[in-house]
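Visitor: I am new to this structure. Where should a reader begin?
Guide: Look at the picture, then we will take one feature at a time.

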Amino acid sequence: MPNPIWESFWSDTVNHEWWKRPAQEVLQFIDMQSVAQRPKVLDLGCGLGRHAIAFALAGFQVTATDVASTAIKHLDRWAAEVGVCVKTKICDILDDETSQPEYDIVLSYNVIYHGYREDFARAISYVHSLLKCGGVFFFTCPTRRDGKYGHGEQVAPHTFLCTKSMTPGDIHYFADEQDFEQLLEGFRTVSRHIYEGYWDNNGTQQRYSNWTVITEKTE
Ligand SMILES: C[S@@+](CC[C@H](N)C(=O)[O-])C[C@H]1O[C@@H](n2cnc3c(N)ncnc32)[C@H](O)[C@@H]1O
């Protein structure tokens, strides 16, 4: 189902420069991975494709999916320009057609918290079904110290219809340690860090506080 909020966000090329630069922690993660041992990567909610391109340039076999057709079309053009192969698909993160344990790495950077806690939980268990045993899931999501927490209408516990996000009107769930303990069943935590700082939200300095979680599928 098309998502007008994200289509509109990616249609505005002003938003492209920042979102085309890969995150440092993802580049470091890519450096630590071996193509021989973990060749198949899925970038779930890939946006313009900055991390899909980085993985492909490093020699991985990359699939990238996103609900926004504008973003996927951008990635298709970018991959052709760079001369790498990235298999793309426009679909929801919970794509019913793909539920085989075929991936060695799933990356979902700033994606799976869009929605309610139930959606967050469903996304984690769906990724579990996509990963091979020993496969790695890298994801990020905001902590409860993030500047967006508590702003906008509260629609469920720790869940807000955000007014201070870059895509106002979407729902964000803010996870804590207890959520990870409850929801990451069948995974072993490899690392869990909080990155904090400030970003420029249309001229206002706004605090960000994000979990970066790396887990390995154990069973
Ligand atoms: C903050 S952007 C991050 C994009 C990308 N992961 C990156 O780091 O550059 C969030 C992305 O998630 C996508 N997204 C949000 N909800 C989604 C869903 N239910 N299914 C698929 N994609 C979704 C949006 O279209 C958007 O491209």
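## Reading the ligand site and the chain around it

Guide: Start with the ligand. The space it takes is the second largest pocket. Keep in mind that this model is predicted.

Visitor: Which residues around the ligand come nearest?
Guide: The ligand has 18 residues around it. Gly45, Arg50, Asp66, Ile93 and Tyr109 come nearest.

Visitor: How do the residues of the shell divide into nonpolar, polar and charged?
Guide: Sort them by class. In the shell around the ligand, eleven residues are nonpolar, four are polar and three are charged.

Visitor: Which helices each supply at least two residues of that shell?
Guide: Two helices do so. One is helix H1, covering 4–11. The other is helix H4, covering 50–57.

Visitor: Which atoms of the ligand pair with arginine 50 and tryptophan 10?
Guide: Look for N and O atoms within 3.5 Å of each other. Arginine 50 has a side-chain N or O atom 2.7 Å from an oxygen atom of the ligand. Tryptophan 10 also brings a polar side-chain atom, 2.9 Å from a ligand oxygen.

Visitor: What part of tyrosine 109 lies 2.9 Å from a nitrogen atom of the ligand?
Guide: There the backbone takes part. A polar backbone atom of tyrosine 109 is 2.9 Å from that ligand nitrogen. Now consider the cover over the ligand. Taken alone, the ligand exposes 590 Å². The protein buries 95% of that area.

Visitor: Back to H4. How many of its eight residues are buried?
Guide: Go residue by residue, then count. A residue is buried when its relative accessible area is under 20%. Seven of the eight residues of H4 pass that test, so the rest of the structure largely encloses this helix. The buried ones are Arg50, His51, Ala52, Ile53, Ala54, Phe55 and Ala56.

Visitor: What is the phi of glycine 59, which follows H4?
Guide: Check the sign of the angle. Glycine 59 has a positive phi, near 100 degrees.

Visitor: What sign does phi have in most residues other than glycine?
Guide: A negative one. Keep that rule in mind for the next two asparagines. Asparagine 110 has a positive phi of about 60 degrees, although it is not a glycine. Asparagine 202 also has a positive phi, of about 50 degrees, and it too is not a glycine.

Visitor: Where do asparagine 110 and asparagine 202 lie?
Guide: Each is in a loop. Asparagine 110 lies between strand E4 (103–108) and helix H6 (117–130). Asparagine 202 lies between E9 and strand E10 (204–217).

Visitor: Are asparagine 110 and asparagine 202 buried or exposed?
Guide: Compare each area with the cut-offs: under 20% is buried, over 50% is exposed. Asparagine 110 has a relative accessible area of 18%, so it is buried. Asparagine 202 has 77%, so it is exposed.

Visitor: What does the side chain of asparagine 201 make a polar contact with?
Guide: Place the residue before you follow its side chain. Asparagine 201 is in strand E9, residues 187–201. It counts as buried because its relative accessibility is 13%. Its side chain makes a polar contact with the side chain of glutamine 206, at 2.6 Å.

Visitor: Which side chain does a polar contact join to that of aspartate 176?
Guide: Use the routine again. Aspartate 176 is in the loop between strand E8 (171–173) and helix H7 (177–183). Its relative accessible area is 17%, so aspartate 176 is buried. A polar contact of 3.1 Å joins its side chain to that of arginine 144.

Visitor: Why does glycine 150 count as partly exposed?
Guide: Partly exposed is the range between the two cut-offs. Glycine 150 counts as partly exposed because its relative accessibility is 44%. It sits in the loop between strand E5 (131–142) and strand E6 (153–156).

Visitor: How far apart are glycine 150 and tyrosine 109?
Guide: Give the sequence gap and the spatial one. They are 41 residues apart in sequence and 22 Å apart in space, C-alpha to C-alpha.

Visitor: In which strand are glutamate 196 and isoleucine 194 found?
Guide: Glutamate 196 is in strand E9. Isoleucine 194 lies in E9 as well. Glutamate 196 is partly exposed, with a relative accessible area of 33%. Isoleucine 194 has 40% and is also partly exposed. Between the C-alpha atoms of glutamate 196 and threonine 65 there are 27 Å. For isoleucine 194 and asparagine 15, the C-alpha separation is 25 Å.

Methods. Residues numbered from 1 in each chain as written. Predicted model: local features only at pLDDT ≥ 70, side-chain atom pairs only at ≥ 80, totals over all residues. Heavy atoms only, no water. Near = heavy atom within 4 Å. Polar contact = N/O pair within 3.5 Å; in protein donor to acceptor, adjacent residues only side chain to side chain. Areas by Shrake-Rupley, 256 points an atom, 1.4 Å probe, with all protein chains shown as cover. 1 Å grid on protein atoms, 1.4 Å probe; cavity = no way out; pocket = protein on both sides within 12 Å on 5 of 7 lines; lining within 4 Å. Sits in = over half its atoms within 2 Å of the grid points. Helix = DSSP H or I, 4+ residues; strand = E, 2+ residues; numbered from the N terminus. Nonpolar A, V, L, I, M, F, W, Y, C, P; charged D, E, K, R; others polar. Buried < 20%, exposed > 50% of the residue type's maximum accessible area, 1.4 Å probe, protein only.
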